[in-house]
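Visitor: I should like a close look at a single part of this structure, with its surroundings described as context. Please take one helix and follow its packing in detail.

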Amino acid sequence: MSVTRRDFLIGSAALAAGATVTTPFLLPKYHSDQRPKRSRVAIVDAQQYSQQLDQILAAGLRLFPIDVLGKTVVLKPNLVDYIPGNAINTHPLLVLAAAESFRRLGAKSVLVAEGPGHQRDTQLVLSQSGYEQSLRDEKIRFVDLNRDELIRTPLRAGYTGMKHLWLPRTVLEADFLVSMPKIKTHHWSGVTLSMKNMFGVVPGTRYGWPKNILHWKGIQESILDLCATVPIHFVIADGIVAMEGNGPLNGTPRPLGTIVLADDPVAADATCARLMGFESGRIVHIREGARFIGNASSALIDQAAETVDVPATPFQVVPEFRFLRAPLKCDATASNAQESQASKTPYAR
Amino acid sequence: MTTDPIVLSDLLAELALRQLPCGGWAALASSSQPAIEPTCYSALALDSVPVGDLAHAQDFLLRTQNPNGSWPVFPGDDQRGGWITSLVVMALRDLVPAIPARLQGLHWLLNCAGKEANWFWKWKFRTADRHVRFNPDKYGWPWFPDTVSWVVPTSFAILALNQIPCACGGLEQIPFRVNRGVEMLMDRVCPGGGWNAGNGVVYGVALAPHADDTAIALLALRDRAEDPVVQGSVDYLERTAPALTAPCSLAWAILALAAHRRPIASLRSSLVALPDLSGIEDTSTLALACLAIDYRRALSAFGVTV
């Protein structure tokens, strides 16, 4: 069989076109593999918000080889809005305990920073949720990330298709960033834990409230791009009273009696998901994050304190995320179909 | 004893001190990155008072306009523009040389709409994506292009467009867009009155209203003061405002309640009595406090007649 020049050119063009179409699906969407070889998580018992949290947290932190000597530590709580009786925000006593612990560990400075995602009046949320007075009493500086100086930051992953985000200087210049989420379910993303908590670093003045551009780019995708770009050095997750059901604002308080500490956000979130009774591999940003940000597999996570105690009754979720609660062995096909649908419809208004 | 004029004078002096050499203001007192929102509120607050350099501020705003007629959030931002365009149009309202720039801004606003204005998204929200209760036929303005409508940007756009005396010369769409925006606000009110950020009901749960979002919406709806939805929201704000201790929400509440002829004397007293007002880190809030204390002039600046 002879190949004419014309056949050769047509074939080459077809190959090039095919490669152009398929390459984006085959190439990884992240720039570098940031995973540690092993990760460490500590599930610490804490039944209530009290002054005892200082000691509990200090003991928990001793389980990790943390070096913050002379460093600037930024604590990033989950502070979204205030609705009386709803367990929406990371409790201020836990944040104060963390600040005190890092000061004792020799941090040059410890500050609290957040850009509330739902309420534009940051000072109102601070005041209503008990932060304002607490931070003032302890002389801890707060930075409103919705209004901080912004730096154009290239994204280190390409899940959203965005090339860059304007991100706050305070976060980018932190030596040690601690994500302090409230353990909650979320009606658009399934869960909101240490990785989703990073939505709070995206400035509302530039991206709207509630950071609506990220919703349209895909919540799961945005979480991955953000966590690839802004490294989380440590996690302190507030599960003393968590939230289930129609989170992140209108769910039901769910006492979990736990603080989760971790040196890897993916390991933290996978562990929190298990504590909620969810299959962590079904949460898109945890599963995908385990490819390049951190470790989700139990085999790669050292449990430094208590073991993961899966609850007899999993956390309630909105119907679209019921597949998170089903054990993997049951009807995987149906679950995967549901997961696919849920991951495509989180584009909240 | 402190009085309103003394407090106002102190706050205006602080505001003037924070003006940057470029003519603009930064969002936070500790920052040197100029931003458009605090510059707009500051320019409105310093209008007709002999402190600060208003002309320099207005010049800064004119210099930062995007080629497409919109304004960025801060100089150097990507040039697609956003919600802040409405505020700039109002901040430049009395400046004759700014008329061409304002017209460009208004045209941009008329071409900008929430994503639900598009037939495809309208269809999707009506058929497949119904967890958030709203009527997609009633749309307003997004924070930024390619997202859906929200209460605050819609309210600011209505206020800006209402300042234009005639809908002519390419601005014929103003009445239509303003009406659509008003309908959107009415549609998305919280069940008990007032407005949350965007919608009143999500996943079957009634959302709690926000004081500042409600107040800004009520300014935009001053012309609908007799509507029961508006009345109910004014009632909500009047009940809520006395408990507000955050100056930003309190300032907006004062402006909105004054616009709707509700008593505000005790709220103004509460505002001026807040500790260390001039030390507020957020410059927009500092300027808003000035505007609330001098509420008559502020309402005029927003084009709201009482």
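Guide: What follows is an account of one helix of chain B, α2(B), and then of the setting in which it is found. The model is predicted, and the description should be read accordingly.

Helix α2 of chain B comprises residues 36-46. Two helical neighbours may be considered in turn, beginning with helix α3 of chain B, residues 54-63. The axes of α2(B) and α3(B) lie 10 Å apart and form an angle of about 150°. Since angles over 145 degrees count as roughly antiparallel, the two helices are therefore assigned to that class. Their crossing is left-handed. On the α2(B) side, the contact is formed by T39(B), S42(B), A43(B) and L46(B), and on the α3(B) side by L54(B), A57(B), Q58(B), F60(B) and L61(B). Sorted by class, these residues are six nonpolar and three polar, with no charged residue.

The second neighbour is helix α4 of chain B, residues 84-91. Here the axes are 9 Å apart and the packing angle is about 25°. An angle under 35 degrees counts as roughly parallel, so α2(B) is roughly parallel to α4(B). This crossing, too, is left-handed. From α2(B), the residues involved are I36(B), E37(B), C40(B), A43(B) and L44(B); from α4(B), they are I84(B), L87(B), V88(B) and A91(B). The contact of α2(B) with α4(B) has eight nonpolar residues and one charged residue, with no polar ones. A43(B) takes part in the contact with α3(B) and also in that with α4(B).

The chain around this helix can now be described. Chain B contains 14 helices and four strands. Its C-alpha trace extends about 60 × 45 × 35 Å along the principal axes. The radius of gyration is 19 Å, in agreement with the value near 19 Å for a compact globule of 306 residues. Of those 306 residues, 57% are buried. Among contacts between residues at least 6 apart in the sequence of chain B, 62% link positions at least 24 apart.

Chain B also touches a partner: 28 of its residues are in contact with 27 residues of chain A. The chain B side of this interface consists of 15 nonpolar, eight polar and five charged residues.

Chain A has 12 helices and 12 strands, and 55% of its 349 residues are buried. For contacts in chain A with a separation of 6 or more, 75% are between residues 24 or more positions apart.

Two details of chain A complete the setting. Helix α10 of chain A, residues 265-275, has 10 of its 11 residues buried, so it is largely enclosed by the rest of the structure. Among the buried residues are P265(A), V266(A), D269(A), C272(A) and L275(A). Just after α10(A), G277(A) adopts a positive phi of about 85°.

The other detail is F234(A), in strand β10 of chain A, residues 234-244. F234(A) is buried, with 24 other C-beta atoms within 10 Å. Beyond its neighbours within four places in sequence, F234(A) is in contact with I66(A), F176(A), V178(A) and D263(A). From F234(A) to E244(A), 10 residues apart in sequence, the C-alpha to C-alpha distance is 24 Å.

Note on methods
Residues are numbered from 1 along each chain as its sequence is written. Chains are lettered from A and ligands numbered from 1 in the order in which they are written. This is a predicted model: local features need pLDDT of at least 70, side-chain atom pairs count only at pLDDT 80 or more; totals for chains, interfaces and linings use all residues. The radius of gyration is taken over C-alpha atoms; the globule rule is 2.2 Å times the number of residues to the power 0.38. A residue is buried if 20 or more other C-beta atoms lie within 10 Å of its own, exposed if 12 or fewer, and partly exposed in between; C-beta atoms are placed from the backbone. Two residues are in contact if their C-beta atoms, placed from the backbone, lie within 7 Å. Axes are lines fitted to C-alpha atoms, for helices over the stretch in contact, and angles run from 0 to 180 degrees between N-to-C directions. Angles under 35 degrees count as roughly parallel, over 145 as roughly antiparallel, 65 to 115 as roughly perpendicular and the rest as oblique. A crossing is left-handed if the near helix is turned anticlockwise from the far one by less than a right angle, and right-handed if clockwise. Ala, Val, Leu, Ile, Met, Phe, Trp, Tyr, Cys and Pro count as nonpolar, Asp, Glu, Lys and Arg as charged, and the others, Gly among them, as polar.
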